[in-house]
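User: I am new to this structure. Please take a close look at one part of it, the packing of helices, and then go on to whatever else helps me read the model.

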Amino acid sequence: MKKNKKRAYPFLEISNEEWDYFASKFTYAEFPKGSLMLNHGATENHLTFLEEGLTRSFLPNDGREKTLRFTFPGNFVSSYASFILQKPSEIAIETLSDCKCWRITYDDLQDCYLQIEKGNRMGRISAEYLYITSSSREINMLVKSPEQQYLELLESSPEWFQHIPLKHVASYLGITPQALSRIRARIF
């Protein structure tokens, strides 16, 4: 985790000593493609920094999963509400590719907040990022058509379409795979 200081917190100035302490609390983990990082109903005990790979957070719904977000390298992934409240998670997190990551437990993160001068600021930055991401997604779902959302994704995140099955993209957009195929046929 030591080498990921600028990737994880690009706008935060923190001393090398404090970063070393923080980084020492992380453990390295690998997850093969198709594995669950978190099961629905389990309590999230880790905040995970994704060094390599791709994950999908989704809501199981009677066999019709609803994709909430995708996480790419250089970002944190977690069922954050479950992590903060230490309650069972409403979502599950699966790997869409082999993943290499660094994980910190809830207790170790709380310790860092107490021991590191800027620890609370680090937590706030992470929470603000997750809030902005979730808020932007909610607004997009309410005011933009699936086609508009798809075009924006295609423009801003073309890497998505190299690694993510279209059924998951459709689920993320809140439409069926057939509706996504019709959109794609109109565009291309």
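Analyst:
**Helix contact, cores and charged pairs**

In this predicted model, helix α8 (residues 166–173) and helix α9 (residues 177–187) have axes that come within 8 Å of each other and cross at roughly 95 degrees. An angle from 65 to 115 degrees counts as roughly perpendicular, so α8 is roughly perpendicular to α9. Two packed helices are described in general by the angle between their axes and the distance between the axes.

The residues that meet can be listed from each side. Helix α8 brings L166, K167, V169, A170 and L173 to the contact, and α9 brings P177, L180 and R184. Sorted by class, the contact of α8 with α9 holds 6 nonpolar residues, 2 charged residues and no polar ones.

The next topic is the nonpolar cores. The largest of them has 18 residues. W19, F22, F26, L47, I104 and L109 have the most contacts inside this core. At least two of its residues come from each of α2, β3 (46–52), α3 (80–85), β8 (99–105), α4 and α5 (119–143). A core of 17 residues lies apart from it, and its members include Y150, L153, V169 and A179. V169 is therefore both a residue of the α8 contact with α9 and a member of this second core, whose residues are buried by definition.

Charged pairs come next. Side chains of opposite charge can pair when their charged atoms come close. The model has 7 salt bridges, counted with a cut-off of 4 Å between nitrogen and oxygen. One of them joins D111 to K25, with the closest N and O atoms 3.4 Å apart. D111 is in helix α4 (residues 106–115), while K25 is in the loop between α2 (16–24) and β1 (27–31), so this pair ties together parts that are 86 residues apart in sequence. D111 has a relative accessibility of 22%, which counts as partly exposed.

Another salt bridge links E152 and K144, whose closest N and O atoms are 2.7 Å apart. Both ends are partly exposed: E152 has 35% relative accessibility, and K144 has a relative accessible area of 26%. Elsewhere, R56, E65 and E94 are joined into one network by salt bridges that share partners. Within that network, the side chains of R56 and E65 meet at 2.5 Å, N to O. The two ends of this pair differ in accessibility: R56 is buried, at 2%, whereas E65 is partly exposed, at 38%.

Strand β4 (residues 55–59) is the next place to look, beginning with T55. T55 has a relative accessible area of 0%, so it counts as buried. Beyond four places in sequence, T55 touches M37, L50, R69, F70, T71, V77, I93, E94, T95, L96 and C99. E94 in this list is also one of the residues of the salt-bridge network.

S57 is in β4 as well. It is buried too, with a relative accessible area of 0%. With neighbours within four places left aside, S57 is in contact with K66, T67, L68, R69, V77, I91, A92 and I93. R69, V77 and I93 appear in the contact lists of both T55 and S57.

Two loop positions complete the picture. Q86 is in the loop between α3 and β7 (92–95). Most residues other than glycine have a negative phi. Q86, which is not glycine, has a positive phi near 55 degrees. At a relative accessible area of 31%, Q86 is partly exposed. Leaving out neighbours within four places in sequence, Q86 is in contact with T43, E44, N45, A81 and Y106. For Q86 and E44, the C-alpha atoms are 6.7 Å apart, although 42 residues separate them along the chain.

G34 is in the loop between β1 and β2 (36–38). Its relative accessibility is 55%, which counts as exposed. From G34 to V143 there are 109 residues in sequence and 33 Å in space, C-alpha to C-alpha.

How values were computed:
Residues numbered from 1 in each chain as written. Predicted model: local features only at pLDDT ≥ 70, side-chain atom pairs only at ≥ 80, totals over all residues. Heavy atoms only, no water. Helix = DSSP H or I, 4+ residues; strand = E, 2+ residues; numbered from the N terminus. Buried < 20%, exposed > 50% of the residue type's maximum accessible area, 1.4 Å probe, protein only. Axes fitted to C-alpha atoms, helices over the stretch in contact; angles between N-to-C directions. Parallel < 35°, antiparallel > 145°, perpendicular 65-115°, else oblique. Contact = heavy atoms within 4.5 Å. Nonpolar A, V, L, I, M, F, W, Y, C, P; charged D, E, K, R; others polar. Core = buried A, V, L, I, M, F, W, Y, C linked by side-chain atoms within 4.5 Å.
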